[in-house]
There are 2 protein chains.
Amino acid sequence: MGVVVSLDGERGKKPRLDPLSALVKDDLKAVNELIIQRMASPVALIPQLAGHIVAAGGKRLRPMLTLAAARMCGYEGRRHIALAACVEFIHTATLLHDDVVDESDLRRGLASANTVWGNKASVLVGDFLFSRSFELMVETGSLEVLGILSKASALIAEGEVMQLITANDTETGETAYLDVIRSKTAQLFAAACSIGAVAADRPNVEKEALETFGMNLGVAFQLIDDVLDYSDSSGEIGKNVGDDLAEGKPTLPLLYAMWNGDKEQSALIREAIENGGLDNIDVIKEAIESTDAIAYTANIAREAVGKAVDALAILPPSQYLDALHSLARFSIERTH
Amino acid sequence: MGVVVSLDGERGKKPRLDPLSALVKDDLKAVNELIIQRMASPVALIPQLAGHIVAAGGKRLRPMLTLAAARMCGYEGRRHIALAACVEFIHTATLLHDDVVDESDLRRGLASANTVWGNKASVLVGDFLFSRSFELMVETGSLEVLGILSKASALIAEGEVMQLITANDTETGETAYLDVIRSKTAQLFAAACSIGAVAADRPNVEKEALETFGMNLGVAFQLIDDVLDYSDSSGEIGKNVGDDLAEGKPTLPLLYAMWNGDKEQSALIREAIENGGLDNIDVIKEAIESTDAIAYTANIAREAVGKAVDALAILPPSQYLDALHSLARFSIERTH
């Protein structure tokens, strides 16, 4: 199944994460050092467990957004390093709790922390990282940042609860699905971007532009993540193929195939959402392909990326702006 | 087994929680209203689950400490209401996660939230309440309070992880046990008290006095809680008798009996700590009685209460001071 989605008018120029990574490389190194430093604890299990998930790495997309946003806004200080670390701590805490909630055994291709150390330790170390994030935020001295990130955290938790409620629910509609992904994923992207403008002390219009960019980027990112769960390249993102299906998560590709498949396909997908499990994954992947569910989902992602890019139009040209544009396109063309 | 412990020199004047409750009654009503208001969410499961644990009540001891501390320091504004609600939210979030970690089925005599709604929802609603607490703190505008409560939250998580590690560990010493209870319980008492002085904008010496009061009160409170777990009045605090024993938690009364019991008693307790379970609860309760483990534990609690009361000596006489003295004595004489 093809999951590479091209942006119209952007052919021949392959979007990549590299330009952003290159621009924030030194800052990100400082963020990583701060993360290691601040997850220290006299209780050895805490840095062990936290180190496992932090070292597993991932792309550090969210802290990179904070770094790039701050620099793009002309910020020349050092506070953005701590803010980026705060964002990554919140993200890591939610991953630890997510894996407990989802009963996941793999995270970025490694055994998940709950598999190695158990659910209890994962819950508590998540709480620790979350608290550490707020401790570090306080040191940066910005009540505005604290307001943005505490609100985002509450919305993330709301989104996770919504997702829990819609699991195994075949009546989940597109609006409910989009509400979930906006809360559970896109809110932190939005906050990560807007606090860059806050660090740079830019006017509200720029904070809001970056928030809109992050929100739409996050929506696109999660839509493609949900597409990739049905792709053979799942292995590349360190997940099992069909993780969402196994848990009966009604993501948009699956819902669309259920709504538009033939009677037999619909019944199979309905059964899969209700009961979870991978018994019929091949037939369901076929249904997703034959109904063009991937193209439908990718199109919504493409629209979101368009809104993200438009939001940044008020900002002057810069290499950071170019890198964020490239990242936005990458988010819908990535296969990992 | 007798668990009522008298403070020397205080005979004939029964310490009670009532004076404190009466003094902060109106403020506490406002706190309860704010709690209900701020646990609202469009995701109905959140106020349902949070409401279950909030409505179950408990004594609201921690928010009462914040209210009394602020008033005792001469504070006449309204910010202490929000701060007290923040403290209760953090406490409630930790209770939700505790019950998941401890696999408890009872909380304050009611089915625990994880029993009713499952572990997943309890983890996520805990996260929500924790985030809500920080959102509300930001509104009060005090970075100092945010610093105190974020640090306390990280220490609580550390204490919970330490407790997880020492579970089933017969080598746990008195120092390790005291470290655990200082972190998991007393830190929030200390923070709840000191932020009262912060709200009132009092000098550091008063903030520290209240912190010391809270820390020692919290230690005494947890010591007596651990004593009560082996008392027939466990039912009054809504726990099952022997909850700690069932989980193999090496609390001080149990450790002391293991250290000082005869060979057979020690072996039985060692086995109970290693494997959990209530098979030998009657023999173990006998061992706790015959070794005077309760008196030993209560004596440490009494010493802590002495330090708590001494710390407040720098404050001028007031009805709030009297009420806190009474509360401190109540903490070691309570049977519920």
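**Reading a two-chain model**

Mentor: With 14 C-beta neighbours inside 10 Å, D292(A) counts as partly exposed. The model is predicted, and we can start from this residue.

Trainee: How many neighbours would make a residue buried or exposed?

Mentor: Buried needs 20 or more other C-beta atoms within 10 Å, and exposed means 12 or fewer. The count for D292(A) is 14, so the residue falls in between.

Trainee: Where does D292(A) lie, and what is its phi near?

Mentor: D292(A) sits in the loop of chain A that runs between α14 (281-290) and α15 (293-311). Its phi is near 60°, which is positive although the residue is not glycine. Chain B offers another case: D201(B), also not a glycine, has a positive phi near 55°. D201(B) belongs to the loop between α9 (174-199) and α10 (204-228) of chain B. D201(B) is partly exposed because it has 14 C-beta neighbours inside 10 Å.

Trainee: Which residues touch the most other members of the largest nonpolar core?

Mentor: First the general idea: in soluble globular proteins, nonpolar side chains tend to be buried together. Here the largest nonpolar core has 235 residues, and A68(A), A220(A), A68(B) and A220(B) touch the most other members. Take A68(A): beyond its neighbours within four places in sequence, its contacts are L20(A), L23(A), V24(A), G196(A), Y320(A), A323(A) and L324(A).

Trainee: At what angle do α10 and α16 of chain A pack?

Mentor: Helices α10 (residues 204-228) and α16 (residues 319-333) of chain A pack at about 25°, and their axes are 8 Å apart. Angles under 35 degrees count as roughly parallel, so α10(A) is roughly parallel to α16(A). On the α10(A) side the contact is made by F213(A), L217(A), A220(A), F221(A) and I224(A), and on the α16(A) side by L324(A), A328(A), S331(A) and I332(A). By class, this contact has eight nonpolar residues, one polar and no charged. A220(A) appears in this contact and is also among the core residues that touch the most other members.

Trainee: How many residues of chain B are in contact with chain A?

Mentor: 35 residues of chain B contact 35 residues of chain A. On the chain B side, α3 (45-56), α5 (79-102), α7 (119-140) and α8 (143-166) each supply at least two residues. The most comes from α8(B), with 14 residues. By class, that side of chain B has 21 nonpolar, seven polar and seven charged residues.

Trainee: What turn and shift lay chain B on chain A?

Mentor: A turn of 180° with a shift of 0.0 Å along the axis does it, at an RMSD of 0.0 Å. The two copies are therefore related as by a two-fold rotation axis. In addition, 100% of the interface residues of chain B are also interface residues in chain A, so the copies meet through the same surface.

Trainee: Is T92(B) buried or exposed?

Mentor: T92(B) is buried, since 25 other C-beta atoms lie within 10 Å. The residue is part of helix α5 of chain B. Setting aside neighbours within four places in sequence, T92(B) contacts A50(B), I53(B), V54(B) and L129(B).

Trainee: Which strand holds A111(B)?

Mentor: A111(B) is in β2 (residues 110-111) of chain B. With 14 C-beta neighbours inside 10 Å, A111(B) is partly exposed. Apart from neighbours within four places in sequence, its contacts are D105(B), L106(B) and V116(B). A111(B) and A56(B), 55 residues apart in sequence, are 9.8 Å apart from C-alpha to C-alpha.

Conventions
Residues numbered from 1 in each chain as written. Chains lettered and ligands numbered in written order. Predicted model: local features only at pLDDT ≥ 70, side-chain atom pairs only at ≥ 80, totals over all residues. Core = buried A, V, L, I, M, F, W, Y, C linked by C-beta atoms within 7 Å. Contact = placed C-beta atoms within 7 Å. Helix = DSSP H or I, 4+ residues; strand = E, 2+ residues; numbered from the N terminus. Axes fitted to C-alpha atoms, helices over the stretch in contact; angles between N-to-C directions. Parallel < 35°, antiparallel > 145°, perpendicular 65-115°, else oblique. Nonpolar A, V, L, I, M, F, W, Y, C, P; charged D, E, K, R; others polar. Least-squares fit on C-alpha atoms with pLDDT ≥ 70 in both.
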